[in-house]
Amino acid sequence: MTVGAIMFYGGIGLFAAALAGMIIANVILSSKWKKLRQLMHDRYGD
Amino acid sequence: MIEKGNIINGTYRIEDKIGAGGGGTVFKAYHLRLEKYVVVKRINDAWVGLMDSRKEADIIKNLKHQYLPQAYDFLQLDDGIYTVMDFVPGASLDKYIKSGYRFTQQQVIFWAKQITEALIYLHSLKPPIIHSDIKPANIMIDLEGNVCLIDFNVSMTSTPDSSISATSRGYAAPEQYLNIDPINKPEPGKPYRPRFQFDMDTALDQRSDIYSLGATLYHLITGQRPPKLPETKLPPIPADLPDFDEALINIVNKMTHYDPRERYQTAQQVYDDLNNIIRLDKRYRSHKRSRLIVNVVFPVIMVGAVVLGTAGFMQMRKESDTAFNDKITYADNLVVNKDYENAQKTYEEAIGLKPDRIEPYSGMLMLYSSQYDYDKVIEYGTNALAQHNFEAAGNSDAQIAQFDYILGNAYFVEENYEKAVEYYKKAVELDQSNAEYYRDFAIALSRCAYVDNANEMLQKAVDLGLENASISLAKAEIDFAKGNYSEAAEGFRKAAQTSSDSVLTQRAYLYLCRTYDRMGDYDSVIDTISKNVGVFTNDSVRVANIMCAEAYLKKADAAANDQDRRVYAQQSINYYTRVRDAGGASRQTLFNLVTAYQYVDDIKNAQAILNAMMQDYPNDADVYARLAILEADKQSKLSSTLRSYDNFKKYYDKAEKLDQHNKVSGTSSTYIRTMEQIMERLKQNNWIKE
């Protein structure tokens, strides 16, 4: 495999991994945010 | 002395004493006309005279805010000064504290925001009003749970000449004290309670109220009264209180900073932080930071990945181009070194890399041209053009023009001049900067007798800087086309002698010989080739040998006697044999060789050539016709008793069968017609029966 092919397919792989990572991380953070928002409400009120 | 039941100013009946402080004594009273409870406060005598009573009263009466009591009246009576305000049902925060009530964080924030709103209002007035005595006892919680900031009659307007403030030790800001030394000294036998002198001459500002509110919140949060200034600074609230979060504690600590410059500078700032306290929470900030990281870092990685992928794609194209160009260069060198097998393989590999690039196809044409296989050049070239749209694939016009030029050359060599003209025309349309394309286009046009067009193209070639030898060559071709053979011969001779290009020199000599041939001057053909035999290389050697062989054969045809004919025919055989042995003998060359062998009565070799041609051209009627003619010639040399025309008849039938389609169109060859004439004679002489 040539340098160009490694870069090209590496770029595609990295993009896909980053996209998947961002989606997963946002799903996790959204879940955490729901809990945190409830906690903030409980602690500080409206 | 005011007591329960006293009626003040004929309007306010004292009901109860609510409290007393530095500023005065507060009573719950009943408004006899309005029939509602009010608060009557008698200002301490110490304050009287220090304030512009009327002016202060006007200010207080004009205050209107949700969290401030409404002042109704201001009385300057003989026994003192009174203010009358709303009675707020409920209890002060002080009472809550003393009852041991534990405040929740939500309550503290809720009330702090309301008090701050009231302070924003007070501080925004012109001139601003500084409450100056904010403390739990002056904060009422009404029945609905909202605050009411009370005890205004000792508040002051913040002007340089203002000099009144109430103070409560522990809640008053440090700048409200004149100095940190007590003004009294311990007395023997008495418990020492230090007294301090407050600074009545310094104009306080809103930061003092912020401090007092902070100290009040401190009390609510910690449950401990703030230590009394000025000898003890208010310590920061520990950040690890279980019921209160660091965000609120940080706000309170900032509000109660000893140095006013380090506090919030306005109540609005306090309110903003309280209102957005979630944003100050470390868990919230941690979450926001995580969000930021996720939504910045990942996109940055994605952008980086796109950049990497794009760079990779460009690199792949570059590598592919390099590999492709390397293969083309390598294959071109293989062609030069006559390693045609590997050259073809390498060109095919290049085609595999970039099927629509024209270079390997042009290389293949050059490969077949180098092998003098012009039929293959034409077949391969036309197929390539039919299967690929080289223009749409991004090949340059110059590259496509070169391809068309090579194809035109092949058609030219094959003497298909109309097709040569077609491809040369395409070449010059695509690349109008190549003088050689115009030159050969002009030559091909002249071969087709398009003399005017040929002259026009030649002029364009001249305009592009065509060298003199080439000009002479092309002009000679045009003269040839016009039938001016002497001028043509002179032009070709001049071109051959002046050209520095060996290929052009060879072409000029060959065209010169063709001109001599047309003039019937076969000796000059033979002489020219013989004298310049060292000039010819590659395919020109083959062509020169053929021209020489044909010249001798034509001399044999025209020989005056049999001996001369045999001598010329033998010379012709010598040249044709060289061509055949070099693998460059065409069908016509072989037929001519058969004719030459017949002239020298070498029937055996003639027969051998035709037998071999039967293998190579199994469906060629002419081959069988020549065999039949040869067989008739052979039998004619035998005595009549030994003759047999069975083989003639066999070849005749085969030739006639293969020539059926030409018979329909009336295009049978000379050989066929000769064979048929022989058949007629043999039938007439009864050698063959009908």
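Which residues are exposed on the other side of helix 27 of chain B? The exercises below concern a predicted model, and the first of them leads to the answer.

**Exercise 1. Describe helix 27 of chain B: its length, its two sides and its surroundings.**

Solution.

Step 1. Helix 27 of chain B comprises 15 residues, 670-684. At 1.5 Å a residue the expected span is 21 Å, and the end C-alpha atoms do lie 21 Å apart, so expectation and model agree.

Step 2. Identify the buried residues. These are Tyr671(B), Ile672(B), Met675(B), Ile678(B), Met679(B) and Leu682(B). They occupy an arc of only 120° around the axis and therefore fall on the same side of helix 27 of chain B. The spacing is understandable, because an α-helix has 3.6 residues a turn and residues three or four places apart point the same way.

Step 3. Turn to the other side of helix 27 of chain B: Thr670(B) and Gln684(B) are exposed there.

Step 4. Ask what lies over the buried residues. The cover includes helix 22 (587-599), helix 24 (621-636), helix 25 (646-658) and helix 26 (660-665) of chain B.

Step 5. Follow the chain past the end of the helix. Just after helix 27 of chain B, Asn686(B) adopts a positive phi of about 60°.

**Exercise 2. Examine Gln598(B), which belongs to helix 22 of chain B, and decide whether it is buried or exposed.**

Solution.

Step 1. The relative accessibility of Gln598(B) is 15%. Buried means under 20%, so Gln598(B) is assigned to the buried class.

Step 2. List its contacts beyond four places in sequence: Gln598(B) meets Arg626(B), Leu630(B) and Asp633(B).

**Exercise 3. Determine how Asp245(B) and Arg283(B) are paired and where each is placed.**

Solution.

Step 1. Asp245(B) and Arg283(B) form a salt bridge, with 3.0 Å between the closest N and O atoms. In general, side chains of opposite charge can pair when their charged atoms come close.

Step 2. Locate the partners. Asp245(B) is in the loop between helix 4 (206-222) and helix 5 (246-255) of chain B, while Arg283(B) is in helix 8 (residues 282-336) of chain B. With their positions 38 residues apart, the pair links distant parts of the chain.

Step 3. Consider accessibility. Asp245(B), at 9% relative accessible area, is buried, whereas Arg283(B), at 30%, is partly exposed.

Step 4. Extend the picture to further partners. Arg43(A), Asp245(B), Asp281(B) and Arg283(B) are joined in a network of salt bridges.

**Exercise 4. Analyse the salt bridge between Glu490(B) and Arg493(B).**

Solution.

Step 1. The N to O distance between the side chains of Glu490(B) and Arg493(B) is 2.7 Å.

Step 2. Both residues belong to helix 17 (residues 485-498) of chain B; because they are 3 residues apart, about one helical turn separates them.

Step 3. Glu490(B) is partly exposed at 45% relative accessibility, and Arg493(B) is partly exposed at 25%.

Step 4. Place the pair in the overall tally: 35 salt bridges are counted over all chains. Another of them joins Arg261(B) to Asp259(B), with closest N and O atoms 3.0 Å apart; Arg261(B) is exposed, at 65% relative accessible area.

**Exercise 5. Characterise the nonpolar cores of the model.**

Solution.

Step 1. The largest nonpolar core contains 123 residues. Those with the most contacts inside this core are Tyr347(B), Phe412(B), Leu473(B), Ile529(B), Phe648(B) and Met675(B). Met675(B) was met in Exercise 1 among the buried residues of helix 27 of chain B.

Step 2. Take Ile529(B) as an example. Beyond four places in sequence, Ile529(B) is in contact with Cys513(B), Phe536(B), Ala544(B), Met547(B) and Cys548(B).

Step 3. Another core, of 50 residues, lies apart from the largest one; among its members are Tyr44(A), Ala118(B), Leu119(B) and Leu274(B).

**Exercise 6. State the position of Ile301(B) and its contacts.**

Solution.

Step 1. Ile301(B) is located in helix 8 of chain B.

Step 2. With 31% relative accessibility, Ile301(B) is classed as partly exposed.

Step 3. Setting aside residues up to four places away in sequence, Ile301(B) touches Leu14(A) and Ala18(A).

Methods
Residues numbered from 1 in each chain as written. Chains lettered and ligands numbered in written order. Predicted model: local features only at pLDDT ≥ 70, side-chain atom pairs only at ≥ 80, totals over all residues. Heavy atoms only, no water. Helix = DSSP H or I, 4+ residues; strand = E, 2+ residues; numbered from the N terminus. Expected span 1.5 Å × (residues − 1). Buried < 20%, exposed > 50% of the residue type's maximum accessible area, 1.4 Å probe, protein only. Arc of directions from axis to C-beta. Contact = heavy atoms within 4.5 Å. Salt bridge = Lys/Arg side-chain N within 4 Å of Asp/Glu carboxyl O. Core = buried A, V, L, I, M, F, W, Y, C linked by side-chain atoms within 4.5 Å.
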